[in-house]
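Q: Could you take me through how helices and a sheet are read in a model like this one?

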Amino acid sequence: MPVIDLATTSLRDLNQALHKLAKDTNETLWTISNPGGEHSIAVGVDAPVTINIGGNVGYFCGGMNNEAKIIIDGSAGQGVGENMMSGLIHVKGDASQSAGATGRGGMLIVDGNASARCGISMKGIDIVVKGDIGHLSAFMGQNGRLVVFGEAGEALGDSIYEARVYVRGPVASLGADCIEKEMRDEHRAELLELLKASGEDHKVDIAEFRRYGSARKLYNFNIDNAGAY
Amino acid sequence: MCGIAGLFIKDPKLEPQLGELLAKMTSTLCSRGPDSAGFAIYGKGEAGMTKVTIAGPSDAYDIDSAAKKLIAAIDPTARCVRRHSHAVISFKTGDVPRVEAWLTENLPEITVMSEGARLEIYKEVGYPDTVASEFEIAKMGGTHGISHTRMATESAVTTNGAHPFSTGADQCLVHNGSLSNHASLRRELRRDGIKIKTENDTEVAAGYLTRQMRGGQSLGEALKASIDDLDGFFTFVVGTESGFGVLRDPIACKPAVMAETDQYVAFASEYKTLTCLPGIKTARVWEPKPATVYFWEHN
């Protein structure tokens with residue numbers, strides 16, 4: 001049960017120790033204290049371990065995460081869980097810009113708000129934000145699901161591909177080629193599954209959510225639009 | 001990149017520590033802007049007097065003899081404090097137009113970094129920690145201050161290219177980002193009689209705010225107007241004699257995080273900049289929204 005104090009241990013030593021972990025390691029519970037807003041904490045972890053971080057983190061925390069469960073007892077700077085592959089990242093405070101950017105898998109949970117560009121270019125990650133999200137979220141989102149309990153900022157889902165977005169509160173505006181879509185049973189089932197995974201299934205009403213996604217007019221080449229390309 | 005730190009003190013007990021805290025905050029931003037740094041400090045003022053902070057084109061310039069000549073020409077009783085490459089001279093406020101005219105005529109290589117009852121601007125080329133210690137920022141007290149670490153993109157690494165920029169008496173601006181229409185706007189501002197010394201984009205933004213305020217706009221109005229007139233990306237932090245403001249462009253390209261307690265309001269490019277502040281663990285911490293003017297003022 002390693003306990004790492006970042007006030008006395010260097011970030012590089014911490015990350016190297018995490019990178020050395022074998023998939024079947026017995027060191028499955030890590031505690032990191034005094035993160036002090038440092039960047040790149042627990043980036044590139046590739047083992048099914050749990051990492052509890054006691055405080056606020058800087059940029060790219062948990063980036064490229066594979067299989068680890070990372071719990072941040074504070075807020076996260078830009079790009080938390082950027083390009084994560086699998087596993088779970090749970091931010092108990094707020095997340096800054098580009099949370100879950102380009103994420104390919106796993107789940108990112110933000111208890112507070114996430115700011116601009118949440119889920120930008122998401123490629124399969126599931127993101128649950130219990131507060132609001134900022135502008136240009138799910139921009140060019142290719143795959144995965146983004147669930148928002150609060151409000152969404154301007155240009156939600158701009159140039160979106162096949163990511164699916166569920167928002168409970170008002171949406172300031174939709175981006176190019178993003179439209180509201182009908183909530184069918186399969187979507188309610190999908191949303192319920194995501195709420196269960198984030199531990200919120202009995203706390204919010206699925207009926208309050210609306211679904212957004214691609215109108216599929218922008219990313220398919222259309223000969224009638226040739227002049228515009 | 002570039003880094004910004006700002007501290008607006010609400011609890012007077014913290015005022016003696018302004019410089020120490022601001023220097024510590026700035027130290028965390030060295031990697032964001034290693035080529036120059038600058039500090040705007042709102043210290044004590046004296047009724048009827050204006051502090052004029054002057055500097056030459058680089059720290060090799062003989063600022064002592066320039067200050068002596070200026071004082072001899074304007075008012076031999078004026079008090080002067082030299083700090084590293086800068087001289088802060090207290091003139092009677094009524095003498096300030098003569099100071100400006102004399103400098104333009106006799107020492108055109110001098111830049112007036114700031115004028116005001118309370119504002120002093122110190123900026124220089126070099127690693128931010130070095131710049132802070134050369135000016136002895138950590139020993140300065142005051143009610144609020146702003147600092148900047150520069151990674152140059154739009155113009156050369158010079159003293160005059162460093163931030164903060166003065167926008168008028170007791171007013172200053174720092175900037176993280178870059179402006180694309182600064183060349184055309186510079187020509188326009190010069191036609192309108194605004195003095196712009198360098199090819200730096202932020203100096204143009206400062207000149208723009210000066211022009212808007214000369215035209216009757218408040219600082220808040222001028223900042224709002226800048227969202228339409230400035231093309232590019234920016235996080236601005238501005239200081240006035242009694243206040244401190246923040247504005248991010250509508251896309252919010254550049255990072256910004258703020259913290260508030262009963263003792264202070266603080267701005268930073270990164271959260272780690274705030275970790276040295278007292279009570280930060282229980283402070284309210286948030287990101288300022290894009291295209292929204294935030295302002296705090298002492299009563």
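Q: Which strands does helix 4 of chain B lie across?
A: Helix 4 (residues 128-135) of chain B lies across strand 2, strand 7 and strand 8 of chain B, and runs at about 40° to strand 2 of chain B. Helices (H or I, at least four residues) and strands (E, at least two) are DSSP runs numbered from the N terminus, while angles run from 0 to 180 degrees between N-to-C directions of axes, which are lines fitted to C-alpha atoms, for helices over the stretch in contact. The model is predicted, so local features need pLDDT of at least 70 and side-chain atom pairs 80 or more, whereas totals for chains, interfaces and linings use all residues. Residues are numbered from 1 along each chain as its sequence is written, with chains lettered from A and ligands numbered from 1 in the order in which they are written.

Q: How do helix 1 and helix 4 of chain B pack, and at what angle?
A: Their axes are 9 Å apart and make an angle of about 160°; helix 1 of chain B and helix 4 of chain B are therefore roughly antiparallel (over 145 degrees; under 35 is roughly parallel, 65 to 115 roughly perpendicular and the rest oblique). The contact (C-beta atoms, placed from the backbone, within 7 Å) is made by A23(B), T26(B) and S27(B) of helix 1 of chain B and P128(B), D129(B) and A132(B) of helix 4 of chain B.

Q: What is the strand order of the open sheet in chain B?
A: Strands of a sheet pair through backbone hydrogen bonds, either parallel or antiparallel. Here the seven strands have the order 7-2-8-1-14-13-15, with antiparallel pairing (two strands pair if DSSP finds at least two bridges between them). Strand 7 (119-125) and strand 15 (284-286) of chain B each have a single partner strand, so one side of each is left without a neighbour in the sheet.

Terms used
Contact = placed C-beta atoms within 7 Å.
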